[in-house]
Amino acid sequence: MWHCSFFSLSLCCLFLLFIPTHCYLISPPVVDLINSTCKKCSDESADFNYNFCVTSLQVIPVTHVTNLQGIGIIAMELALENATKTISTIEKLLNRKEFDPFAMDCLRDCLELYADAIAMLVDAFGAFLSKHFNTANVLMRTVMDATSTCDEEFTEKKGELTPLAKENYNLYQLSDISWCIIKQVSTVPSDLPNVSS
């Protein structure tokens with residue numbers, strides 16, 4: 001027979017009260033800011049994927065974000081999370097040893113590129129917060145180049161397909177979102193970060 005004490009019932013109710021509602025709801029002004037930011041970025045670049053931008057930025061809890069700087073921070077965090085997960089993916093692929101020696105070498109090269117990308121993303125984040133926008137932009141562009149280089153490694157052999165096509169595309173797009181936002185923020189002086197608690 002199931003028994004519920006007053007203490008455990010109280011604890012459960014208290015827990016439910018503190019579940020952050022921003023995990024489920026995005027306020028309309030933030031949605032508008034995300035949409036307008038993604039639209040501006042897509043207007044400036046043929047490679048920029050508007051739908052990817054909107055979908056990526058709306059998935060996360062962003063009701064505490066009040067401005068473009070906050071969205072820039074989130075975009076860089078998403079890029080860092082993506083790169084970190086991709087390293088795990090590459091390590092699993094290498095451990096499976098189901099690829100030929102050429103593909104294994106490519107995967108090892110991509111692992112190194114992604115490790116460097118993580119370091120650059122961390123540096124870009126720091127540069128962004130300290131308002132060194134040019135440095136942050138150069139670092140984000142370098143991360144984008146790393147994803148292209150990883151793809152190109154595999155295409156050196158005719159008929160070889162990259163098992164990391166999706167991961168490379170996602171990191172490229174997330175880095176492009178970050179790069180575009182950094183560029184926009186650099187033209188509008190304001191305090192960083194402006195995120196409400």
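## Disulfides in the model

A disulfide is defined here as a pair of cysteine sulfur atoms within 2.5 Å. The structure is a predicted model, in which local features need pLDDT of at least 70, side-chain atom pairs count only at pLDDT 80 or more, and totals for chains, interfaces and linings use all residues. Residues are numbered from 1 along each chain as its sequence is written, and side-chain values use heavy atoms, with hydrogens and water left out.

A search of the whole structure finds three disulfides. With the bonded cysteines of the chain numbered in sequence order, the pairing reads 1-3, 2-6, 4-5.

## Confidence

The predictor's confidence in each residue is given as pLDDT, from 0 to 100. Its mean over the chain is 82, and 77% of the residues reach 70 or more. Helices (DSSP runs of H or I, at least four residues) are numbered from the N terminus. Among the elements of the chain, helix H5 (residues 101-129) has the highest mean pLDDT, 96, and helix H1 (residues 6-17) the lowest, 36. Over residues 1-26 the pLDDT is below 50, and this stretch has twelve contacts (heavy atoms within 4.5 Å) beyond near neighbours in sequence.

## The two links from helix H2

Cys-38 and Cys-53 form a disulfide with their sulfur atoms 1.9 Å apart. The torsion about this S-S bond is about -70°, so the disulfide is left-handed. The pair links distant parts of the chain, as Cys-38 lies in helix H2 (residues 28-44) and Cys-53 in helix H3 (residues 50-59), 15 residues apart. Cys-38 is buried (under 20% relative accessible area, with a 1.4 Å probe and protein chains only; exposed is over 50%, partly exposed in between) at 0%. Cys-53 is also buried, at 1% relative accessibility.

Helix H2 also holds Cys-41, which is joined to Cys-180 in helix H7 (residues 165-186), 139 residues apart. The sulfur atoms of Cys-41 and Cys-180 are 2.0 Å apart, and the link is left-handed, with -100° about the S-S bond. Cys-41 is buried at 2% relative accessible area, and Cys-180 is buried at 3%.

## The link between helices H5 and H6

Cys-110 and Cys-150 form a disulfide, with 2.1 Å between their sulfur atoms. This link is right-handed, with 110° about the S-S bond. Cys-110 belongs to helix H5 and Cys-150 to helix H6 (residues 133-155), 40 residues apart. Both Cys-110 and Cys-150 are buried.

Why does Cys-106 have no bond to Cys-110? The sulfur of Cys-106 is 6.7 Å from that of Cys-110, the closest cysteine sulfur, which is too far for a bond. Cys-106 counts as buried, at 2% relative accessibility.

Conventions: Helices (H or I, at least four residues) and strands (E, at least two) are DSSP runs, numbered from the N terminus.
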